[in-house]
Every structure is written in C-alpha cells, then in structure tokens.
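Let's take a friendly walk through this model, from its cores to its sheets and one side chain.

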Amino acid sequence: MDFSPSPARGASLVLIVDDVPDNLAMLHDALDAAGYIVLVATSGEAALARAAQARPDIVLLDALMPGMDGFEVARRLKADAQTAQIPIVFMTGLTETEHLIAALAAGGVDYVTKPIKPAEVLARMGVHLGTARRAQAQQQQAVQARSALDAFGYASLTVRVADGRVLWQTPLARELLRRHLGIEGLRAMLPDDITAWIQRQQPTLALQPEPPRWTFNHGHGPVVLRLHPPSPEADEGELLLVMREESDLAARETLRLAFGITAKEAEVLYWLAQGKINRDIADIVGSSPATVKKHLERIFAKLGVETRTAAAAMAMARLPG
C-alpha cells in the first residue's frame with residue numbers, strides 16, 4: 001500500500017483514518033479502483049499531520065480509535081483555517097442518536113455505519129465532493145472579484161456589523177486603513193463613527209438603489225466608503241466595505257498597477273489623461289519636455305497604442321469614477 005502517492009491531475013485526494021488495517025485495505029482498494037488518490041492514517045495524530053501536509057479533498061474518519069478519537073480529530077481539523085473546509089464523513093459502528101449527533105457536532109457532514117459498504121461510501125463522497133467544489137468555486141470567484149477591486153484603485157474589506165471588527169481585507173485596504181485611520185491587522189476595530197454609520201445602513205441596505213456612501217478626511221486626503229451586501233460566502237452579520245482615495249496619488253497608483261508601468265510613467269500618463277500637453281506635464285512632474293516625450297514613448301509601447309488619444313482613453317477607462 002502506497003502511503004505517499006503523487007495525485008494525478010484532476011483526481012480527488014481522499015484521507016482514510018482507521019486504526020484497523022483490514023478496514024483501511026478494503027476502502028483503499030475500492031477507492032483506488034474508482035479513480036481516487038488515497039492516503040491513510042492509523043491514528044488521530046497521524047491524521048492531523050497528513051491532512052495538514054496533503055490537504056485532502058475529503059476525509060473518511062473512524063469515530064472510535066485508541067488515544068485521540070475521531071471526534072477530537074474532526075474538531076481540530078475544523079479549528080485550523082487550513083483544513084476547516086475539508087468535508088469529513090464519519091465511519092462509525094455506533095448507531096445511538098447521541099453518537100451520531102456528536103459526529104455532526106464535531107464537524108462531520110455525514111456518516112456511514114459499519115460494516116462499511118464501499119458503494120455507499122462512494123455515493124456519499126460524490127455528493128459532498130461536489131458540494132465542496134461548488135463552494136470553493138464561489139469563494140475563488142469572490143476573491144478574484146475583490147482582487148480586481150484592488151487593481152482598479154479600490155480596497156475592500158469584510159466588516160462585522162455588531163462591532164465594526166475587520167474580518168477580511170485586501171492588501172490595498174490594509175494600507176489605507178493604516179495610513180488614514182492608524183489601524184492595521186485583522187480583528188482591528190473601525191472607528192465608532194464609521195461603525196455607527198454601517199449599523200444605521202444595514203436594515204435598509206437591500207432596498208437602496210445605490211450603495212450608501214460615507215466620506216471622511218483625517219488629514220491625509222478624502223477617503224470614500226461604499227457599503228455593499230455581503231459576498232455569498234460571508235456569514236450573517238457581515239457586510240462588504242469598499243474604500244477609495246479621492247486623490248491624484250491614488251489615481252496614479254491605479255494606473256501603475258493596471259498597466260505595469262513605473263511610478264513616473266503613471267504620473268505622466270495621469271496628466272496626459274487630464275488633457276495636459278508635454279510642456280505642462282513637464283512643469284508638473286519637474287522634468288523637461290524631452291524627458292516627458294521619452295516617458296510617453298515607453299508608455300505607448302507598454303500599452304500597445306500609437307497615439308496620445310488612445311493612451312488617454314485607456315487610462316480614463318481604468319480610473320475609478
């Protein structure tokens with residue numbers, strides 16, 4: 001039996017946890033024949049180590065084992081952010097209601113009773129793997145959408161309505177929170193006035209035609225906040241907050257990130273998009289018109305355009321608002 005297989009592309013990785021070798025062998029053969037990549041563990045400690053290392057797609061977990069039992073293994077997997085999303089199917093010879101409830105309470109999504117019937121295990125696994133894949137796809141889409149906000153000069157964060165605690169944030173949001181509000185890190189608390197505004201907006205958020213807007217300026221330029229309904233994977237009581245600096249600096253940074261150009265090129269492109277001629281841009285950025293012309297030549301090449309009008313149009317399309 002191979003304890004360290006190399007997963008084939010597209011194959012689901014299954015971790016079987018059981019202290020009885022005969023059970024492991026039977027299930028291993030059935031899953032292997034069905035096209036799964038199989039890992040095994042014979043103790044709770046080994047199961048945790050293998051799950052952390054391999055990140056299986058699903059875990060088949062014996063409820064009763066010497067030492068650390070399956071209930072404790074499940075609780076520890078669910079307590080670790082790296083393994084919390086892995087579906088767990090318990091394998092148990094216990095049929096009393098209290099034991100089945102304990103299995104589900106520990107984090108299991110399902111259970112099968114012993115003696116194990118491989119066909120039943122395969123059917124139940126198929127259901128839960130499909131559900132996990134859909135949830136993962138939704139989460140990836142949400143992450144991609146939030147990353148796109150960052151690229152366009154926006155910063156997004158998930159906030160708990162009850163107390164204004166920051167639960168998730170993009171890198172740009174982290175930078176804006178630090179620079180404008182003096183707070184950083186997850187679990188940080190938003191100022192009371194912003195939290196109170198969020199709490200006032202929540203009851204009618206779904207009825208408002210446009211996202212509610214709040215602007216503040218703590219001495220580093222104006223920042224606009226917009227409140228949105230939560231993303232699909234967010235828990236109840238959480239909302240999405242999008243931040244944007246209203247300043248030339250933020251706009252230039254947006255262009256730099258969007259087009260992969262240097263900070264100076266982004267500054268020149270920004271003023272080009274504002275309709276400035278080379279002489280005016282040179283005065284603004286502190287360069288000569290000839291230097292500005294060289295910057296523009298490199299900008300045109302990077303953007304794949306040939307004219308000032310085309311470059312300006314691309315820049316304006318990327319600038320928020």
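## Cores, sheets and a buried glutamate

The largest nonpolar core has 25 residues, and those that touch the most other members are Leu190, Ile198, Leu225 and Leu241. Please keep in mind that this is a predicted model. At least two residues of this core come from each of E6, H6, H7, E8, E9 and E10. H6 gives the largest share, with five residues. In general, nonpolar side chains of soluble globular proteins tend to be buried together.

Leu190 is a good place to zoom in. Leaving aside residues up to four places away in sequence, Leu190 is in contact with Val159, Gly164, Val166, Leu177, Leu181, Ile183, Thr195, Ile198 and Leu241. A second core, separate from this one, has 24 residues, among them Ala251, Leu255, Val268 and Trp271.

Now to the sheets. Which way do the strands pair in the open sheet with the order E7-E6-E10-E9-E8? The pairing in this sheet of five strands is antiparallel. Strand E7 (165-169) and strand E8 (213-216) are at the edges with a single partner strand each, so each has one side without a neighbour in the sheet. On average, and ignoring direction, neighbouring strands here are turned by 30 degrees against each other. E8 pairs with strand E9 (residues 223-228) through four bridges in the antiparallel sense, and Phe216 stands opposite Val223 in E9. Helix H6 (residues 171-181) lies across strand E6 (155-160), E7, E8, E9 and strand E10 (238-245), and runs at about 80 degrees to E6.

The other open sheet described here also has five strands, in the order E2-E1-E3-E4-E5, and its pairing is parallel. Strand E2 (37-41) and strand E5 (110-113) form the edges; each has a single partner strand, so one side of each is left without a neighbour in the sheet. Its neighbouring strands are turned by 20 degrees against each other on average, direction ignored. Strand E1 (residues 13-17) runs parallel to E2 and is joined to E2 by five bridges, with Val17 opposite Ala41 in E2. Helix H2 (residues 44-54) packs on this sheet, where H2 touches E1 and E2, and the direction of H2 makes about 145 degrees with that of E2.

Here are the two strand pairs side by side.

| Strand pair | Sense | Bridges | Opposite residues |
|---|---|---|---|
| E8 and E9 | antiparallel | four bridges | Phe216 and Val223 |
| E1 and E2 | parallel | five bridges | Val17 and Ala41 |

Aromatic rings come next: the structure holds three aromatic pairs. In one of these, why is the pair of Trp197 and Trp214 tilted? The ring centres of Trp197 and Trp214 are 5.7 Å apart and the planes are at 40 degrees, so the pair counts as tilted, because this class covers angles that are neither under 30 degrees nor over 60. Trp197 belongs to helix H7 (residues 192-201) and Trp214 to strand E8, so the pair ties together parts 17 residues apart in sequence. With a relative accessible area of 4%, Trp197 is buried.

Finally, is Glu265 buried or exposed? Glu265, in helix H9 (residues 263-273), counts as buried because its relative accessibility of 3% falls under the 20% cut-off. A polar atom of the Glu265 side chain lies 3.0 Å from the backbone nitrogen of Thr262. Not counting residues up to four places away in sequence, Glu265 touches His295, Arg298, Ile299 and Lys302.

Note on methods:
Residues are numbered from 1 along each chain as its sequence is written. This is a predicted model: local features need pLDDT of at least 70, side-chain atom pairs count only at pLDDT 80 or more; totals for chains, interfaces and linings use all residues. Side-chain values use heavy atoms; hydrogens and water are left out. Buried means under 20% relative accessible area, exposed over 50%, partly exposed in between (1.4 Å probe, protein chains only). A polar contact is a pair of N or O atoms within 3.5 Å; within protein, one must be able to donate a hydrogen and the other to accept it, and residues adjacent in sequence count only if both atoms are side-chain atoms. Contact means heavy atoms within 4.5 Å. Two strands pair if DSSP finds at least two bridges between them. Axes are lines fitted to C-alpha atoms, for helices over the stretch in contact, and angles run from 0 to 180 degrees between N-to-C directions. Rings of Phe, Tyr and Trp (its six-membered ring) pair if their centres lie within 6.5 Å; planes under 30 degrees apart count as stacked, over 60 as edge-to-face and the rest as tilted. A nonpolar core is a set of buried Ala, Val, Leu, Ile, Met, Phe, Trp, Tyr and Cys residues joined through side-chain atoms within 4.5 Å.
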